[in-house]
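Colleague: I am new to this model and would like a close look at a single part, the nonpolar core. Please set the scene, then take me through that part.

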Amino acid sequence: MNKLSFLPIALFAIISCNNPTNTNPAHTNTTTTTTAEQPIGGHADEHGCLGDAGQTWSALKQDCVQVFEVGQRLNPTQTAQGAATISAFVIFNDDKTQAEIFVPDENANPVLKQSEPGVYQDDKYRFVESEMALYINGEKRYSAEN
């Protein structure tokens, strides 16, 4: 076969691949979806916060927050070598009379009341602002200096 006859055959093959096989408008697929579109960032929780977008409900702020944007990061004081560092966070209300803490593996984010200037605590947690340290059951577990 001649090299020149190969060119029209190749061109015909390319053109035929780009054309739809069914050009009858009555047979086109017009399937519509009936499901609502998901918001960017995934599923919203009961407060409307998008967990996939890093949002968490703050009882203190009464709003969805991204703690890594608005909070103070507190790193664990002890970590296993090679283990991932999962930080805790603390945010304050406007007049700094309360602090909400976000601790890994906790279901609730406790709101601590100021017991003395710069110290926020409840029965389990104690946050000392001058140390930037969070104590859990009397043991220093998270700190901003690590």
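**A close look at the core**

Modeller: The protein chain has two helices and ten strands. Keep in mind that this is a predicted model. Read along the sequence, the elements run α-β-β-α-β-β-β-β-β-β-β-β. The chain has 146 residues, and 27% of them count as buried. Its accessible surface comes to about 10,600 Å². Carbon and sulfur atoms account for 50% of that surface. Now take the contacts with a separation of 6 or more: residues 24 or more positions apart make up 30% of them.

Now to the core itself. In soluble globular proteins, nonpolar side chains tend to be buried together. The largest nonpolar core here holds 15 residues. Leu74, Phe127 and Leu134 touch the most other members. Four elements give two or more residues to this core: E4, E5, strand E8 (125-128) and E9. The largest share comes from E4, with three residues.

Look at Phe127 in detail. Leave aside residues up to four places away in sequence. Phe127 then touches Leu74, Val90, Phe92 and Leu112. It also touches Gly118, Val119 and Tyr120. Met132, Ala133 and Leu134 complete the list. Two of the names in that list, Leu74 and Leu134, also stand beside Phe127 among the residues that touch the most other core members.

There is also a second, separate core. It has six residues, including Val65, Val67, Phe89 and Ile91.

Next, follow the strands out into their loops. E4 spans 88-92 and E5 spans 98-102, and Lys96 lies in the loop between them. Lys96 has a positive phi of about 55 degrees, although it is not a glycine. Most residues other than glycine have a negative phi. Is Lys96 buried, exposed or partly exposed? Lys96 counts as partly exposed because its relative accessibility is 34%, and that class lies between the 20% and 50% cut-offs.

E9 also leads into a loop of interest. Asn137 lies between strand E9 (133-136) and strand E10 (139-143). Asn137 is not a glycine either, and its phi is positive, near 50 degrees. Asn137 has a relative accessible area of 60%, so it is exposed; the cut-off for that class is over 50%.

To recap, E4, E5, E8 and E9 each give two or more residues to the largest core. Lys96 sits in the loop between E4 and E5, and Asn137 in the loop between E9 and E10.

Key:
Residues numbered from 1 in each chain as written. Predicted model: local features only at pLDDT ≥ 70, side-chain atom pairs only at ≥ 80, totals over all residues. Heavy atoms only, no water. Buried < 20%, exposed > 50% of the residue type's maximum accessible area, 1.4 Å probe, protein only. Contact = heavy atoms within 4.5 Å. Areas by Shrake-Rupley, 256 points an atom, 1.4 Å probe, with all protein chains shown as cover. Core = buried A, V, L, I, M, F, W, Y, C linked by side-chain atoms within 4.5 Å.
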